[in-house]
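Me: I'd like a close look at just one part of this model, please. Could you walk me through it slowly, as I'm new to this?

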Amino acid sequence: MTIGSQPVKNFGESTVKLPGRNSSPAECETCKNRKYQDGSDEMVSFKSAAHISPQSSASRVMAHEREHVSNAYKKAAQNNGKVISANVSLQTAVCPECGRSYVSGGTTSTQIKYYNEENPYQKDLKSSDSIGLRGMNVDIAC
């Protein structure tokens, strides 16, 4: 399909070129070639770069970030731990060529509490904490 003499790169998109932009969303080369890739060391989607359309970027990136949350729950369950918190945030951006907004990426942060009393560092920490806390709550009522 073509618009005038320009081939349509993003079928189904608006052909209206916004003021101050180089192209319309239908003709946008930047949106057509945008790729997403995960940089973590976990086994999740997008380990190799892949294209996501701007319309589906929010749902696809959120699904990817949920994989990280799922991995945290699995890791906690396998190592006698509990997920204390899991937060997902999505970042948005505006295409400099056509002006369309899209989800540009996401981050996931998790906190896991482990119940491992065999850890010598944890035992030492508890021991040193108990020394400092002894006698702090003494009731000397006679």
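Which elements each supply at least two residues of the lining of the largest pocket?

Reply: Those are α2 (57–78) and β6 (101–114), named from DSSP runs counted from the N terminus (helices are H or I, at least four residues; strands are E, at least two). Keep in mind that this is a predicted model, where local features need pLDDT of at least 70, side-chain atom pairs need 80 or more, and totals for chains, interfaces and linings use all residues. Residues are numbered from 1 along each chain as its sequence is written, and side-chain values use heavy atoms, without hydrogens or water.

Now for the pocket itself (an open set of 1 Å grid points where a 1.4 Å probe fits, with protein on both sides within 12 Å along at least five of seven lines). Its volume, the space filled by probe spheres set on the points, is about 340 Å³. Lining it are 22 residues, meaning those with an atom within 4 Å of a point. If you want to find the middle, look for Asp38, Ser40, His64, Glu65 and His68, which lie nearest the pocket's centre.

What sort of lining is it? By class, there are 12 polar residues, six nonpolar and four charged. Here Asp, Glu, Lys and Arg count as charged, Ala, Val, Leu, Ile, Met, Phe, Trp, Tyr, Cys and Pro as nonpolar, and the others, Gly among them, as polar. So Asp38 and Glu65, both among the residues nearest the centre, fall in the charged class, while Ser40, His64 and His68 go in the polar one.
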